[in-house]
Amino acid sequence: MIIHIMGGFLGSGKTTLVMRIAETYIAKGKKVAVLVNEMGEIGVDGATINGDGLNTVELAEGCICCSLSGSLQSTMRDIERSIDPDVLLIEPTGLALPHKVKEIIRGTVDEDEVTIIGICDAYRFPVLREKKEDFLRMQLSKADVLWINKIDAVDFENVFEVSAWLRDICPGVPVFMVSGKTGEGLDAALKASLFI
């Protein structure tokens, strides 16, 4: 089972990108499951993804890299047993550290098939960098591949600034510019980042 952990701050566009990735795999005949982690009582992301007819499992009211770590492991086993997907997309809350999620599931899956896709919001980057830079560094620093999302909403100088910052904190990690909204850049990012 191939697993992609989508890491990115709140509002970075993870759900839109998860749906795009799922569509790509489904078009190639793969069975896809999505595990969504929502902190609130109402699972908006889970409802959105379920509307597209995917196999969706939701862990709510806690963070899968903290208070719900035991639930994550048992949910992973349940997904494998009941759905048996070719691909599992994990969308943690925007406050989670994706490398912690990877550590939690390490014993339950083949680690070579787990990829962390770090998503950085180009549109809100200046504000996030000013107010949350240390957290963003922690959240994205162990990604296997980095996607700069929302390039449709900013100019080239903004994208270049985000790219330079990411290459500084993650030297040698591939960086792709994408738009979950328009689909721009996604084909190249998907081919390079995923096992398709």
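Is Glu 133 buried, partly exposed or exposed? In this predicted model, Glu 133 counts as partly exposed, because its relative accessibility is 22% and the buried class is reserved for values under 20%. This residue makes a good starting point for a tour of the charged pairs.

The side chain of Glu 133 meets that of Arg 137 in a salt bridge, with 3.4 Å from N to O. Both residues belong to helix α5, where a spacing of 4 residues places them about one helical turn apart. Arg 137 is likewise partly exposed, at a relative accessible area of 31%. The pair does not stand alone: Glu 133 and Arg 137 are joined with Arg 129 and Glu 161 in a network of salt bridges.

In total, the structure holds 7 salt bridges. Another of them pairs Arg 81 with Asp 78, at 2.5 Å from N to O. Here too the partners share a helix, this time α3 (residues 69-82), in which they sit 3 residues apart, or about one turn. Their surroundings can be told apart by accessibility: Arg 81 is exposed, with a relative accessible area of 63%, whereas Asp 78 is partly exposed, at 39%.

A further salt bridge brings together the side chains of Asp 144 and Lys 102, at 3.8 Å from N to O. Asp 144 lies in the loop between α5 and β6 (145-149) and Lys 102 in helix α4 (residues 98-105), so this contact ties together parts that are 42 residues apart in sequence. With a relative accessibility of 35%, Asp 144 counts as partly exposed. Lys 102, by contrast, counts as buried, at 16%, because that value falls under the 20% limit.

Attention now turns from charged pairs to enclosed space. The structure holds 1 cavity of 30 Å³ or more, and about 30 Å³ of space lies in the largest cavity. Its lining is made up of Phe 9, Ser 12, Ile 119, Cys 120, Asp 121, Leu 128, Leu 136 and Leu 140. Two elements, β5 (114-121) and α5 (125-140), each give two or more residues to this lining. Helix α5 therefore appears in both parts of this account, since it contributes to the cavity lining and also carries the Glu 133 and Arg 137 pair. By residue class, the lining divides into 6 nonpolar residues, 1 polar residue and 1 charged residue.

Definitions and conventions
Residues numbered from 1 in each chain as written. Predicted model: local features only at pLDDT ≥ 70, side-chain atom pairs only at ≥ 80, totals over all residues. Heavy atoms only, no water. 1 Å grid on protein atoms, 1.4 Å probe; cavity = no way out; pocket = protein on both sides within 12 Å on 5 of 7 lines; lining within 4 Å. Points joined across faces, edges and corners; volume = space filled by probe spheres on them. Nonpolar A, V, L, I, M, F, W, Y, C, P; charged D, E, K, R; others polar. Salt bridge = Lys/Arg side-chain N within 4 Å of Asp/Glu carboxyl O. Buried < 20%, exposed > 50% of the residue type's maximum accessible area, 1.4 Å probe, protein only.
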